[in-house]
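Student: Could we go through this structure together, one question at a time? I would like to see how each answer is reached.

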Amino acid sequence: MRNLVILGAGTAGTMIGNKLALRLGAEWNIHLIDRDDLHVYQPGLLFIPFRAYRREEIIRPRKRFVQPRVHLNLSGIQAVDVEKKQVRVGDGTTLDYEILIVATGARLSPEATEGLTGPGWHQTAFDFYSLEGSLALAEKLDGFESGRVLINVVDMPIKCPVAPLEFAFLADAFFKEKGVREDIELRFVTPLDGAFTKPRASALLGDMLEERQIKIEANFAASAVDGEKQTLHGYDGRKLDYDLLVTIPLHNGTEVMLDSGLADENGFVKTNKHTLASKVAPGVFALGDATDLPTSKAGSVAHFQAEVLLENILRYIRGQSPLPEFDGHANCFIETGAGRGILIDFNYDTEPLPGKFPLPGVGPFDLLRESRVNHWGKLGFKWVYWNLLLMGEELPLDHRMLMAGKWS
């Protein structure tokens with residue numbers, strides 16, 4: 001038997017494993033490795049603090065979403081040896097592989113910011129990118145009625161780059177609904193020079209923050225947190241006091257990737273941005289948040305990458321060169337509060353443009369414009385995720401960014 005090993009049973013790993021199970025012959029063993037049986041619907045973490053979702057709505061057992069052909073091992077990944085083409089698993093076994101797919105995701109590193117996890121952690125300073133942090137923040141917001149709230153992105157890259165903006169918009173709407181918005185100051189504190197990485201979208205989103213009286217503190221590189229004085233420090237000497245700090249912590253790749261030689265100094269796998277093949281070792285591929293690619297770390301990106309990677313794995317097995325088909329395509333719904341949202345669609349070379357998606361001139365979703373349909377699209381994606389996307393089903397979306405229906 002021939003072995004194909006997938007590291008990570010999150011969105012990307014589960015999806016590509018299921019797709020391969022439907023396409024590879026019986027001579028292939030497909031192994032999927034992770035450390036627990038808890039699959040978290042990560043877009044749902046944004047809604048937990050505002051009591052829009054409950055914990056049980058966004059977690060499921062990993063086993064439920066894995067095709068019978070895929071051998072799921074939940075004992076963890078101990079080490080990867082690319083020279084010997086072996087993976088050492090937590091249960092003591094060693095797996096030889098012919099093909100290795102890395103989908104180990106990104107790891108939150110709040111401890112990397114001085115003082116962040118010290119006094120005040122999960123009391124006056126919270127994250128919402130973890131299940132624990134999101135649930136704790138929900139408890140805090142229940143009784144929070146006045147003061148300064150800082151929403152701080154420590155550094156890039158992060159998972160779902162629009163989520164911090166969404167949190168700011170939803171917080172504005174949440175406090176308005178509670179009748180306390182006038183007593184709360186919201187600040188969006190970012191290392192970027194604007195609201196977002198893409199200029200056109202950044203201008204639009206920046207205007208929306210301003211309209212909601214959410215001040216942008218741009219070019220702020222967070223250096224430390226003083227939890228006792230409730231102060232956020234920047235490397236340039238700026239200090240921002242807070243009553244509530246909502247942090248998006250530093251993100252890194254996993255430690256096992258750092259030790260494997262496949263990754264850069266931050267633990268993200270060195271990956272060809274068009275073929276998804278490793279730049280370091282033959283027979284190794286990567287997708288999802290684990291890569292070092294200059295595109296969003298988001299579920300839509302993992303989906304588009306999986307379509308390309310599936311074909312390139314099949315080509316590799318046939319002895320053919322991989323095709324440079326991945327163009328960095330990403331699309332993201334952005335919740336803007338009060339039952340409305342925006343949709344953006346972009347890739348490596350083309351920034352978000354206005355128009356209709358996915359059907360030219362029809363939609364039903366509006367690009368770069370607030371609408372209620374976009375909000376319902378964001379909420380409806382949860383059903384698509386659990387029932388179609390993870391299972392490796394084909395969705396009627398091209399993995400390439402298409403210009404039809406867009407205008408500049």
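Tutor: Gladly. Let us begin with a term: a salt bridge is a side-chain nitrogen of Lys or Arg within 4 Å of a carboxyl oxygen of Asp or Glu. Keep in mind that this is a predicted model.

Student: Which residue meets the side chain of Asp 34 in a salt bridge?

Tutor: The cut-off is 4 Å between nitrogen and oxygen, and the N to O distance for this pair is 3.5 Å. Asp 34 sits in the loop between β2 (28-33) and β3 (38-40), while its partner sits in the loop between β4 (59-61) and β5 (70-73), 28 residues apart. Both residues are buried. The partner is Arg 62.

Student: How many residues apart are Arg 212 and Glu 370?

Tutor: These two form a salt bridge, with the closest N and O atoms 3.2 Å apart. Arg 212 lies in the loop between α4 and β14, and Glu 370 lies in the loop between β24 (363-367) and α7 (372-389). The pair links distant parts of the chain, and the separation is 158 residues.

Student: Is Glu 370 buried, partly exposed or exposed?

Tutor: Buried means under 20% relative accessible area and exposed means over 50%, with partly exposed in between. Arg 212, at 13%, is buried. Glu 370 has a relative accessible area of 22%, so its class is partly exposed.

Student: In the salt bridge between Arg 369 and Asp 366, which residue counts as buried?

Tutor: The side chains of Arg 369 and Asp 366 meet at 2.9 Å, N to O. Arg 369 has a relative accessible area of 46%, so Arg 369 is partly exposed. The other partner has 7% relative accessibility, and therefore the buried residue is Asp 366.

Student: Which residues do salt bridges with shared partners join into one network?

Tutor: The structure holds 24 salt bridges. Some of them share partners, and these join six names into one network. The members are Arg 148, Glu 185, Arg 187, Glu 217, Asp 236 and Arg 238.

Student: What span should helix α4 have?

Tutor: Helix α4 covers residues 199-211, which is 13 residues, and the rise is 1.5 Å a residue. The expected span is 1.5 Å times one less than the number of residues. The end C-alpha atoms of α4 are 18 Å apart, which agrees with the expected 18 Å.

Student: Why do the buried residues of α4 line one face of the helix?

Tutor: The buried residues of α4 are Ala 201, Ser 202, Leu 205, Gly 206, Met 208 and Leu 209. Seen down the axis of α4, they line one face because they fall within an arc of 160 degrees. On the other side, the exposed residues are Pro 199, Glu 210 and Glu 211.

Student: Which elements do the buried residues of α4 pack against?

Tutor: Packing here rests on contacts, with heavy atoms within 4.5 Å. One helix and four strands meet that face: α3 (163-178), β13 (184-189), β14 (214-217), β21 (330-337) and β22 (340-346).

Student: Are the rings of Tyr 41 and Trp 386 stacked, edge-to-face or tilted?

Tutor: A pair of aromatic rings is described by the distance of the centres and the angle of the planes. Planes under 30 degrees apart count as stacked and over 60 as edge-to-face. Tyr 41 and Trp 386 have ring centres 6.0 Å apart and planes at 45 degrees, so the pair is tilted.

Student: Where is Trp 386 in the chain?

Tutor: Tyr 41 and Trp 386 are both buried. Arg 60 also lies over the face of Trp 386, at 4.7 Å from the ring centre. Tyr 41 is in the loop between β3 and β4, and 345 residues separate the pair, with Trp 386 in helix α7.

Student: Is Leu 32 buried or exposed?

Tutor: Leu 32 is found in strand β2. Among the residues that Leu 32 touches are Ile 6, Val 66, Val 70 and Leu 72. Its relative accessibility is 1%, so Leu 32 counts as buried.

Student: Which residues does Asn 18 touch, leaving out those up to four places away in sequence?

Tutor: Asn 18 lies in helix α1 (residues 11-23). At 1% relative accessibility, Asn 18 counts as buried. The residues touched are Phe 65, Val 66, Gln 67, Val 70, Leu 390, Met 391 and Gly 392.

Definitions and conventions:
Residues numbered from 1 in each chain as written. Predicted model: local features only at pLDDT ≥ 70, side-chain atom pairs only at ≥ 80, totals over all residues. Heavy atoms only, no water. Helix = DSSP H or I, 4+ residues; strand = E, 2+ residues; numbered from the N terminus. Buried < 20%, exposed > 50% of the residue type's maximum accessible area, 1.4 Å probe, protein only. Arc of directions from axis to C-beta. Phe/Tyr/Trp six-rings, centres within 6.5 Å; stacked < 30°, edge-to-face > 60°. Lys NZ or Arg CZ within 6 Å of the ring centre and 35° of its normal.
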